[in-house]
Amino acid sequence: MSFFPTRQIFLEIGPLSITWYALLSILGFIVAYYLSRHTLLKMKVDKDKIEDFLFYLLPIAYIGSRLWYCAFEWKRYINDPISILYIWEGGLAFHGGVAAAVIFSIYYCRKNKIHLLRFGDAIFPNVLIGQMIGRWGNFVNQEAFGPIVSAESLNWLPDFIKEGMHINGAYRMPTFLYEGIGNLIGYILIRFVFNRYGRKKRGDLMYAYFMWEGMVRFFIEGFRTDSLMVGPLKTAQLVSVALMVIGLLGLLGVYDRVFKNFYPFKKEKPVILFDADGTLIDTIPLITASYKHVIDLHPLERELSPMEYKNLPGPPLEVTLKELYPQADHATIEQYAQEYREYNSAHHDEMVKVLPGVVEMLDYCKENGYPIGVVSNKVEATVKHGLKYCGIDGYFEVVVCKEQMEKAKPDPDGLLKGCALLNKGHDDLIYCGDAPSDIMAAKNMSAFSVGVVFDEERKEAIEKLHPCAIITEWKQFCELLKEEREWSDNSTLLW
């Protein structure tokens, strides 16, 4: 076993060798993958689905890159087709890999109910970092170079780069390096500047990538002297022009208008999920009275203020009781919870009522084809009884309660389960709730959060979390649904 036996080879073990070209191209792929994975996990794309995507995408992208290259160098391979497999010798065309990746992504996203444009926004800007790393493989192979230049013009470079650019007896312009720098600048501009200040809709980061990649590659390709050709034209420049046009049309919204009835541009109705207590049903007086009952039985060290009582609803019962009685053990908390539920059940029907405007809002949602459900931290029997007592249980296709959740809100597990039970993806999801834990549950999966504020004294706590929208009456929600917008929270994806 020997390291660096030649310029091109990183490691040699007997007849087996690992080249720098292969190592750096795979490293670029892995770095781009982990940057994308970070964003996709924020979007709550299942980790196994992300890993499956990588498992299939890597070979598909390599096959696409290799076939694209070989197709334009067919005379070289026609008499020795087996050499098509010799990728360690170099000869991967990046545009072929992108084309193969896009085709596979369309299939994968449709199959797994992932919004393709949102998926593309999460991935494509990071491809620029992968490209930047991969270009160093071209440097090691002494390819992707420009015209002959003077030695003095390269004096600003480190010696190892300057000497690496001494090819076939002459110094060459390091176009690999210029393109890599362009890739890095593009990543910073798209990921951190355009994403925050210029992005208007889903797909814009992907389209910006196409435009930037097209512009940089078109310019750099003009200097390269080892380009793939179609007659007198450089293949990469032709593809670069096509990428710029594709990106520009996307940014201008042409596809959304022309292909509005086709995937992935067709607008789907968002899933709408609601909290129950304080959102659809006025249970706050009952909840407050139930907690006061427990506190009367087991006095606290200090008296709670009226505002503190108002903020008790929202978190799971056991969590709130543990905050009130931090010294109590698990068995004691369970006893207090049972006392709470007994009082709550005994006084439920005399203190609970449907909130104003809820029925009219639910009628609007059903008439307009929105899939709707309820997600609550409370136990199932209590939630379903409350919905039925108020006469609104028939509106909901799914009801997710404490028993179905592995983790309570503010974890988004219940919201994800609601979408799964509706057989819908969660890229277009609205969650409405009156408690901070409701807003955080939506934000923790980058869903569109609606703060429902019927009590001005609780408004400040909701505003601090910056929900996507705040309503003070349900007719405002119906007006909100009429707007053309992205039903997710892009602000949570910013680094």
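I began with C432 in this predicted model, and found that C432 is buried, at a relative accessible area of 0%. I then asked which cysteine sulfur is nearest to that of C432; it belongs to C365, 8.0 Å away, and C432 takes part in no disulfide.

I turned next to C419, which is likewise listed as buried, with a relative accessible area of 1%. For C419 the nearest cysteine sulfur is that of C432, at 13 Å, and C419 too is in no disulfide. Since a disulfide requires two cysteine sulfur atoms within 2.5 Å, I noted that neither the 13 Å from C419 to C432 nor the 8.0 Å from C432 to C365 meets that limit. My count of disulfides for the model came to zero.

I then moved to the nonpolar cores and looked up which residues of the largest one touch the most other members; these are L40 and F210, in a core of 50 residues. Two or more residues come to this core from each of α1 (20-42), α2 (47-72), α4 (94-111), α5 (116-141), α7 (175-197), α8 (204-221) and α9 (235-251). Among these contributors, α5 gives the most, with twelve residues.

I followed L40 further and, setting aside its neighbours within four places in sequence, recorded contacts with V45, I50, F119, A122 and I123.

Lastly, I noted another core that lies apart from the largest one and holds 37 residues, including F274, I281, L286 and I372.

Technical notes:
Residues numbered from 1 in each chain as written. Predicted model: local features only at pLDDT ≥ 70, side-chain atom pairs only at ≥ 80, totals over all residues. Heavy atoms only, no water. Buried < 20%, exposed > 50% of the residue type's maximum accessible area, 1.4 Å probe, protein only. Core = buried A, V, L, I, M, F, W, Y, C linked by side-chain atoms within 4.5 Å. Helix = DSSP H or I, 4+ residues; strand = E, 2+ residues; numbered from the N terminus. Contact = heavy atoms within 4.5 Å.
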